[in-house]
Amino acid sequence: MPAPSAAFAENAVHQPARAQFEAFIDDHRNMLDACLDGLTQEQARRSLVASRTTLLGLVKHAAFVEKVWFDEAITCRSRIEIGIPATPDETFILTDQDTIASVRQAHREACEASRQATSLLDLDDLLRGNRRGPLPLHWVYLHVLRELAQHCGHADILREQILNG
């Protein structure tokens, strides 16, 4: 996958823990977004595995992840109220309206909303809207980072297959 233009995490090495968390998350958000760089609509939608996982689907799913962890968990609004699917698997389903541009825009908007939602919180603040019960923001940051890293790995492999296949 192409490297993002700025490696935020490298610049945060001497920053407080919160800045480091946010830098690593932003790096992975950018890497996942970049997996769609230079692809055609067909390539972005191409299914190469038995699941519904596609490059476009991974970015669409990442927008859902942002809304689950930084809207539902913070505001305690239901997924219906937020306007997102009930299950993660549904987020990989692509409609005719899902284009590289529209999915990227939705992902970028979800990331910005996440940044805004967490901007006034402290790392130890409890988020009460998750089915697991109250969770500290620092745990949510680590969970989101783990999920984004996993999906960046999926995207690397799929993109390599598409471009070299």
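The following questions and answers go through a predicted model of one protein chain.

Visitor: Which conventions apply to this model?
Guide: Residues are numbered from 1 along each chain as its sequence is written, and side-chain values use heavy atoms, without hydrogens and water. As the model is predicted, totals for chains, interfaces and linings use all residues, side-chain atom pairs count only at pLDDT 80 or more, and local features need pLDDT of at least 70.

Visitor: What pattern do the helices and strands follow along the sequence?
Guide: Helices (H or I, at least four residues) and strands (E, at least two) are DSSP runs, numbered from the N terminus. The protein chain has seven helices and two strands. Read along the sequence, the pattern is α-α-α-α-α-α-β-β-α.

Visitor: What is the radius of gyration of the protein chain?
Guide: The radius is taken over C-alpha atoms, and the globule rule is 2.2 Å times the number of residues to the power 0.38. For 165 residues, a compact globule would have a value near 15 Å, and the protein chain agrees with this at 16 Å.

Visitor: Which element gives the largest share of the largest nonpolar core?
Guide: A nonpolar core is a set of buried Ala, Val, Leu, Ile, Met, Phe, Trp, Tyr and Cys residues joined through side-chain atoms within 4.5 Å. Buried means under 20% relative accessible area, exposed over 50%, and partly exposed in between, with a 1.4 Å probe and protein chains only. The largest core has 37 residues, and L32, L36, L55 and W69 have the most contacts inside it; the elements giving two or more residues are α2 (17-34), α4 (55-75), α6 (100-118) and α7 (137-164). The largest share, eleven residues, comes from α4.

Visitor: Which residues does W69 touch, not counting those up to four places away in sequence?
Guide: Contact means heavy atoms within 4.5 Å. With residues up to four places away left out, the partners of W69 are I74, L127, N130, R132, L135, W139, V140, H143, V144 and E147.

Visitor: How far apart in sequence are the parts that D33 and R104 tie together?
Guide: A salt bridge is a side-chain nitrogen of Lys or Arg within 4 Å of a carboxyl oxygen of Asp or Glu. D33 and R104 form one, with the closest N and O atoms 3.3 Å apart. D33 is buried at 10% relative accessible area, and R104 is buried at 13%. D33 lies in helix α2 and R104 in helix α6, so the parts tied together are separated in sequence by 71 residues.

Visitor: Is R77, the salt-bridge partner of D71, buried or partly exposed?
Guide: The closest N and O atoms of D71 and R77 are 2.6 Å apart. D71 is buried, with a relative accessible area of 16%. At 33%, R77 is partly exposed.

Visitor: Which residue joins the side chain of T91 through a polar contact of 2.7 Å?
Guide: T91 lies in the loop between α5 (79-82) and α6, and at 2% relative accessibility T91 is buried. A polar contact is a pair of N or O atoms within 3.5 Å; within protein, one must be able to donate a hydrogen and the other to accept it, and residues adjacent in sequence count only if both atoms are side-chain atoms. A polar atom of the T91 side chain lies 2.5 Å from the backbone oxygen of P88. The side-chain partner at 2.7 Å is H61.
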